[in-house]
Amino acid sequence: MDDIVAALGATDLFSGLSDRQLKLIAQATKELAIADGTVLIEQGQNMTHMSVIATGEAVVTVDGTEVGRVGPGDVIGELSLIDEANASATVTFPDGGRVWHLARTGFIPVWAKNQGEISTSMLMAVTKKLRETNSRIAG
């Protein structure tokens, strides 16, 4: 459990939360082993979970074109904790790895009891990501 709490607390998404809140979220999180070549997220799939990469590297593709790579500590699918929009990219683990998987159904009850703190932390993380994206687009 300590590994999951530390990993969640190290993400931009949850870095502003207390240990108590991180432990509540960690209790709803499951560790998954990812086999070589596994597609964890398929572009267009209805998203109901997020994952924090524990080990391994994943390739991110949009319409079959590689747009990036993510690795340990990176969060994928975080917006799905709030809405159930379709995935904007495919995420594949060519050499396998491990992720901590947090389903929306496990997250919502924790969020409901801690909305202020969790919402603020998530809003700050999403704002940071949006600014980084805007900077890349602006060149």
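**Exercise 1. Work out how the directions of helices H3 and H4 relate to each other.**

*Step 1.* Find the two helices, which are DSSP runs of H or I with at least four residues, numbered from the N terminus, just as strands are E runs of at least two. H3 covers residues 104-113 and H4 covers residues 115-138.

*Step 2.* Look at the axes, which are lines fitted to C-alpha atoms, for helices over the stretch in contact; angles run from 0 to 180 degrees between N-to-C directions. The axes of H3 and H4 come within 6 Å and cross at roughly 115°.

*Step 3.* Classify the angle: under 35 degrees is roughly parallel, over 145 roughly antiparallel, 65 to 115 roughly perpendicular, and the rest oblique. H3 and H4 are therefore roughly perpendicular to each other.

*Step 4.* List the contact (heavy atoms within 4.5 Å). H3 brings Phe-107, Val-110, Trp-111, Ala-112 and Lys-113, while H4 brings Gln-115, Ile-118, Ser-119 and Met-122.

A word on the model before going on: it is predicted, local features need pLDDT of at least 70, side-chain atom pairs count only at pLDDT 80 or more, and totals for chains, interfaces and linings use all residues. Residues are numbered from 1 along each chain as its sequence is written, and side-chain values use heavy atoms, with hydrogens and water left out.

**Exercise 2. Find which strands stand at the edges of the open sheet that contains S1 and S6.**

*Step 1.* Strands pair if DSSP finds at least two bridges between them. Here four strands, in the order S1-S8-S3-S6, make an open sheet with antiparallel pairing.

*Step 2.* S1 (29-34) and S6 (75-76) each have a single partner strand, so they are the edges, and one side of each is left without a neighbour in the sheet.

*Step 3.* Follow S1 to its partner: six bridges join S1 to the antiparallel strand S8 (residues 97-103). One example is Thr-29, whose bridge partner in S8 is Leu-102.

*Step 4.* Now add H3, which packs on the sheet and touches S3 (49-55) and S8. The direction of H3 makes about 55° with that of S8.

**Exercise 3. Identify the strands that pair with S4.**

*Step 1.* S4 (residues 58-62) pairs antiparallel with S5 (residues 65-70) over five bridges. Val-59 stands opposite Arg-69 in S5.

*Step 2.* S4 and S5 form a hairpin with two residues between them, and Asp-63 in the turn has a positive phi of about 55°.

*Step 3.* S4 also pairs antiparallel with S7 (residues 90-93), over three bridges. There, Val-59 has Thr-92 as its bridge partner.
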